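Biologist: I'd like to go through this one with you, a bit at a time. Can you put it up so we can both look?

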Amino acid sequence: MSAQPATNFNNNQASLDSHIRPFEKSASNNTLSSVVEDAASTTTSSSFSSKHIPLLHSAALKPDFRRGSGDSGYDEGSSSPSPLATPDLAPSGAQSPVSLDEFPFGHKLAAQDREEHHGVDQKINNAGLNGLDIGGVTGLETGSFVASAMMPIRYEIKCVDGILDPSNTDLLVGIDCSTFPVTMKPYTAGAPVGRRLVIVDNNVYALLGDKIKAYFDHHGVESHIHPLRASENTKEFDSVQELLQQFKKFDIDRRNEPIIAVGGGVTLDICSLAANLWRRNTPIVKVPTTLIGMVDAGVGVKTAVNWCGGKNKIGTYCAPLGVFVDAEQFLGSTGGRGVGNGMGEILKMACVKDLELFELMEGWVIAKPEIEGRAPTSMIMKRAIQGMLEELAPNLFEHTLYRVVDYGHTFSPFVEMDALETNKPLLHGEAVNLDMALSTMLAHNRGWLYPASASHSFSLVRRTYALMSALGLPLRHASFTANNCITALGEIEKARGGRVRVPLMSGGIGVTRFADDVCEDEVARGWEDMCDLVAEMERNGELKGQFGAEAQVTEGPLE
């Protein structure tokens, strides 16, 4: 494994270094620029929006919205042009999403033609080749042509209350096809809703299946609810094919009937992949029912299933139509292990970029050490979601592989999959926590965690381990061995483009830098030091969790 120099990265700086996010250019360069909106809260809900504002250039191909043009844009069964045909040429400064009416291409149909075109004021392309939109007609002589397009991304994550209450109409949202990309269309009283296909985690279905059905019946919406067995053991392509069969059987209309996925992170991953594959993307609304789904799987755009013993080897990038987070509705029935699973991902964000979140979590467990069936405070939830979006939005498609959200994800993918073969499989957040425990020790051993004082640095390690234990997260597992961590380092080097790019805390909790030169000997030493400290803290009664260093990782398959 080749040693690479460390890459410094202080995430508190106002802007990212060009070598970390090289694709962010200025408007004058006519390329993509990304922003994240601040969290906007109202008295009834909080909305987090992740969106790209395209600064679009002239290299756009004009679509043809005339009848009979097939996939070039005119959809016989739709009341609006297909976004597949929308050019990337937008008025200067236009924000995403943009109305198709804002595009200055072609001309509108004459009034006498509208009846023939379903009464819609459609636009059509002027005939002829002029080369104005693609930089000339030299390709006619050279045989070399260029196609270029920009795809704006926008989706909304809303914290809501009473998602299944008949008075709440959030799940009745439709698809607004007049924007590109399509967006959620709020429910209008009295307006037809159409049908809904609802995919529900089988455990959630057992508890709330009747309530979900009653919700749609109350609103007069024809619905079909399909329970899905979702766990790391069933997170395979067979489950995706099961859903594709359901889509076919339901004969879903992807322009008017969004798929609704209700469940934890695994359910959302499987459903999102299936929706992305069905007719090259069918809009999906996510309703996470676990904490990890609310702050991790429901926030980003990645979809995936496991394959050939590898974690998330088959997947896509697919932005949801929207996400509804209702902690009160779903987390009250979540066991302590499920809460701890999600708190592992929240702790990740606290360690790499948010000291205040770390302190809020400490206060939360001190106030009531028993976490069974407890939802985190609203501010813990919102800071976790906001922090995740701030990191994901400028890099949704992982153009750069220096990602602070990969903290806890260097060693954990291999360890998590190895644990599936044992009698005590790990949940995702539990595996991430083991990774973070080792990463914390690596940062301390390098002198990065708190360079000014080795003793204070060591106290931060103890403080971090104590919080991990109080959250019900493991600090020891049979699959978490030095050899497995060394193997994982080699695997992640391949996945991250030939460099390990390990995020580590630096300069205290809430600040991060990257190490490209982590070697096998360093991992082995860090693992031994971690195990020694965990054992010492256990003997001294410093691990305040109910279940000790092994937490509550129980025997039996994950269901």
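Modeller: Sure. It's a predicted model, where local features need pLDDT of at least 70, side-chain atom pairs count only at pLDDT 80 or more, and totals for chains, interfaces and linings use all residues. Residues are numbered from 1 along each chain as its sequence is written, and side-chain values use heavy atoms, with hydrogens and water left out.

Biologist: Let's start on the surface: how much accessible area does the nonpolar patch of Leu 129, Val 137, Leu 140 and Phe 145 have together?

Modeller: A patch here takes residues with over 30% relative accessible area and no salt bridge (a side-chain nitrogen of Lys or Arg within 4 Å of a carboxyl oxygen of Asp or Glu). Nonpolar side chains (Val, Leu, Ile, Met, Phe, Trp, Tyr) are joined within 5 Å. With areas from the Shrake-Rupley method and a 1.4 Å probe, counting only the protein chains shown as cover, these four come to about 490 Å².

Biologist: Is Leu 129 buried or exposed?

Modeller: Buried means under 20% relative accessible area, exposed over 50%, and partly exposed in between (1.4 Å probe, protein chains only). Leu 129 is in the loop between β6 (123-124) and α2 (139-142); helices (H or I, at least four residues) and strands (E, at least two) are DSSP runs, numbered from the N terminus. Its relative accessible area is 77%, so Leu 129 is exposed.

Biologist: And Pro 258, buried or exposed?

Modeller: Pro 258 is also a loop residue, between α4 (237-250) and β13 (259-263). Leaving aside neighbours within four places in sequence, its contacts (heavy atoms within 4.5 Å) include Val 173, Arg 196 and Leu 321. Its relative accessible area is 1%, so Pro 258 is buried.

Biologist: On to β17: which residue of β17 stands opposite Ile 157?

Modeller: Strands pair if DSSP finds at least two bridges between them, and β7 (residues 154-159) pairs with β17 in the parallel sense over four bridges. β14 (residues 284-288) runs parallel to β17 too, with two bridges, and there Lys 286 has Val 323 as its bridge partner. Opposite Ile 157 you'll find Val 323.

Biologist: How many residues of α12 are buried?

Modeller: α12 covers residues 428-446 and reaches 27 Å from its first C-alpha to its last. That's close to the 27 Å expected (1.5 Å times one less than its number of residues). Just after α12, Gly 447 takes a positive phi of about 80 degrees. As for cover, the helix is mostly covered, and the buried count is 17 of its 19 residues.

Note on methods. Patch = residues over 30% accessible without salt bridge, like charges linked within 9 Å, V, L, I, M, F, W, Y side chains within 5 Å.
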